Amino acid sequence: HTTTFVEFLNFSTFTILHTTMLSIDTESILLQYLTQNAEKTTSNVPLTSLLGKDISQWKILEELSGGNMNFTFVVQGTTETRLIAKYSAPYVKILKDWTLNQKRSGFEIDHLLLANKYTEENVPKVYHYDKQEAIIVMEYMENAVTLREALMKQWHSSVDENSTPQLDLKKVASQVSDYIANVLFHTSDLFLPIKEKMPQVVKFSENYELIQITDQVVFTEPYIPDCKNNYWDDAIEQDVRSIQNDVALKKVINKLKDKFRNSPQALLHGDLHTGSILVDPTRRTWIIDPEFCFFGPVGFDLGLFIGNSYITYFCLNEQGLDGEPVLTMIEDTWNQFVERFTNLFYENRTSGDLYNIDLTMDPMEDYMEQVFADSIGYSGCAMIRRIIGVAACLDARMIKDSKVKNAAERKVMVMGKDLVMNYTSRQFLTIDEVNDQARRM
C-alpha cells in the first residue's frame, strides 16, 4: 500500500513515531505519551493521582505476554499503584505484515465502559483512554492469571508449591455468567427499544475488520485444506482431513456462520475464551480484551466460553488429571446465565419492545431453547478451530507427551463435530446431556 502525503499527515503522532522511528521501542514511546498526558483525564481520575506527581519516576515494569494482537505493559510511578497501559498498533503484534485498523481500540473502550456500567466487578476499571492514539490505561489485576492457565495448573484442585490459594470455580462461574447475562441483556431488544438499539448496531458494525477475522478463523479457514494459516501435528492428519471433507458438517457450519453474520441480537465480547478471563483466587474474576466486539447472536459468547472449557477438560482428562470440576463450572455457568438473564427480562418486562404485542405471554422458554442450541453449536465451532486453525489450542500445547496431546486433540475434534451437528439434530437439549457426552468420550 502506497501512503499519500495527505494520508501520512492524518496518522496520529503516536502512530507515526511507532511506524517510522523503528529504533525507538514501543515502551519508550508509550511512557512518553503517558507522562505528556499525566494530568489529562477521561474518567475524572488524572494519572498523577494514581501514579504520583513526579512523572520522572514513572516507569514500565514489564510487558505482559500472552496477547497476539496488542502491546500491554505494567506501569508504576512513585505510589504503590500499578496500572495497565495497552496500545493497539496498526498491525498484529506477532505478525507485523498483517495490518489492522487502530479503530479497534475505540470499540474495545466503548465495550469496557458499557460493561463497567452493568457489571463493574467483572471488568477492569478504565482510568484513561485515547481513541485517536489507540491507548487504554486501566486497572492492574495483580497476581491474576488466565483462567486457562489456572485450570491447566489445577489451581481448583489443590494448593500449589507456591501456596497459591485454591481457585473457587463456583465463584468463577457465577462471575462469568453475571458478566455475560448483564452485558447481553442490556444491549438486546429485550431491554433496548429499537430506536436506541439500532444506532448501536450500526456503530459497532464499523468494527468489521475484526469481525471478518473471527469469521475467517472460526467458520472458514479450518475447513479449507490448503489454507496457509492452518496447522496441526502429522499424527492427527487423517482426523483433520475427515473434518475438512465432511460435507454434512460444513453445511451446518455455514448455517452457524450465517447466523453469526446476520443476527445482531446483542453486543458480544466476540472472543470470550478462557484466555480472555483473568482469575485471582483471593479476589475476583475479570473479563478482558473485548476488541472483537460486535452485535451478534446471544449464544456466541457463551459458545466460545463453553467450547474452550471443554478443550481444557479433555486436555486434563487425557493426562489422568481431574477434569470433572471443569464440567461442573460449565454447568454452573450455563444455569446461572439462564437464571440471571431471565430474571433481568422479568424485572424489565416493559423496557424493550421486542415482545410487546401481549405482555401476558412469556417468551423466555422458547428464547432460551434457541440460545442453548446456538451456544452448543458455536461451542463445537470453537473446539474445531482451536485444533486446526490459527491461534491453536494452548491447552494442548502445555502437554509435553505428544501422544497424549494428540489423543486429547482427537477427542476435542470429535466432540466439536457432535456439538456442531447438534445445531440441526437437537440431540442434546440440556447442558447435563452435553456434559455426559464429554464424559463418554
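A surface patch, as the term is used here, is made of residues with over 30% relative accessible area and no salt bridge, with nonpolar side chains joined within 5 Å. In this predicted model, Ile94, Leu95 and Trp98 form such a nonpolar patch, and together they offer about 270 Å² of accessible area. Leu95 belongs to strand β5, which covers residues 95-99. Its relative accessible area of 42% makes Leu95 partly exposed.

A second patch carries charge. Asp362, Glu365, Asp366 and Glu369 gather on the surface as a patch of negative charge. Of these residues, Glu365 is placed in helix α14, residues 364-388. Glu365 counts as exposed because its relative accessibility is 64%.

**Salt bridges**

The whole structure contains 23 salt bridges. Three of them are listed below.

| Acidic residue | Basic residue | Closest N to O distance |
|---|---|---|
| Asp289 | Lys86 | 2.7 Å |
| Asp110 | Lys131 | 2.8 Å |
| Glu324 | Arg439 | 2.5 Å |

The salt bridge between Asp289 and Lys86 has its closest N and O atoms 2.7 Å apart. This pair links distant parts of the chain, with Asp289 in the loop between β11 and β12 and Lys86 in strand β3 (residues 82-87), 203 residues apart. Lys86 is buried at a relative accessible area of 2%, whereas Asp289 is partly exposed at 28%. Asp289 also has a positive phi of about 60°, although it is not a glycine.

Asp110 and Lys131 meet through their side chains at 2.8 Å, N to O. Here too the pair links distant parts of the chain: Asp110 lies in helix α5 (residues 104-119) and Lys131 in the loop between β6 (126-130) and β7, 21 residues apart. Asp110 counts as buried at 15% relative accessibility, while Lys131 is partly exposed at 41%.

The side chains of Glu324 and Arg439 form a salt bridge of 2.5 Å, N to O. Glu324 lies in helix α13 (residues 324-347) and Arg439 in helix α17 (residues 431-440), so this contact ties together parts that are 115 residues apart in sequence. Glu324 is partly exposed, with a relative accessible area of 31%, and Arg439 is likewise classed as partly exposed at 36%. Elsewhere, salt bridges that share partners join Lys86, Glu108 and Asp289 into one network.

**Cysteines**

A search of the whole structure yields zero disulfides. For Cys227, the closest cysteine sulfur is that of Cys381 at 16 Å, which is too far for a bond. Cys227 is buried, with a relative accessible area of 16%, and Cys293 is buried with a value of 0%.

**Backbone and strand positions**

Asn143 has a positive phi of about 65° without being a glycine. Its place is the loop between β7 (135-139) and β8 (145-146), and with a relative accessible area of 58% Asn143 is exposed.

Strand β2, residues 71-76, contains Phe71, and Gln76 lies in strand β2 as well. Phe71 counts as buried at 9% relative accessibility, and Gln76 is buried with a relative accessible area of 14%. From C-alpha to C-alpha, Phe71 and Asp226 are 31 Å apart in space and 155 residues apart in sequence. Gln76 and Thr360 are 284 residues apart along the chain, and their C-alpha atoms are separated by 56 Å.

Note on methods:
Residues are numbered from 1 along each chain as its sequence is written. This is a predicted model: local features need pLDDT of at least 70, side-chain atom pairs count only at pLDDT 80 or more; totals for chains, interfaces and linings use all residues. Side-chain values use heavy atoms; hydrogens and water are left out. Patches are made of residues with over 30% relative accessible area and no salt bridge: like charges are joined within 9 Å, nonpolar side chains (Val, Leu, Ile, Met, Phe, Trp, Tyr) within 5 Å. Accessible areas come from the Shrake-Rupley method with a 1.4 Å probe; for residues, only the protein chains shown count as cover. A salt bridge is a side-chain nitrogen of Lys or Arg within 4 Å of a carboxyl oxygen of Asp or Glu. Lys and Arg count as positive and Asp and Glu as negative; His and the chain ends are not counted. The place of a charge is taken as NZ of Lys, CZ of Arg, CG of Asp or CD of Glu. Helices (H or I, at least four residues) and strands (E, at least two) are DSSP runs, numbered from the N terminus. Buried means under 20% relative accessible area, exposed over 50%, partly exposed in between (1.4 Å probe, protein chains only). A disulfide is a pair of cysteine sulfur atoms within 2.5 Å.
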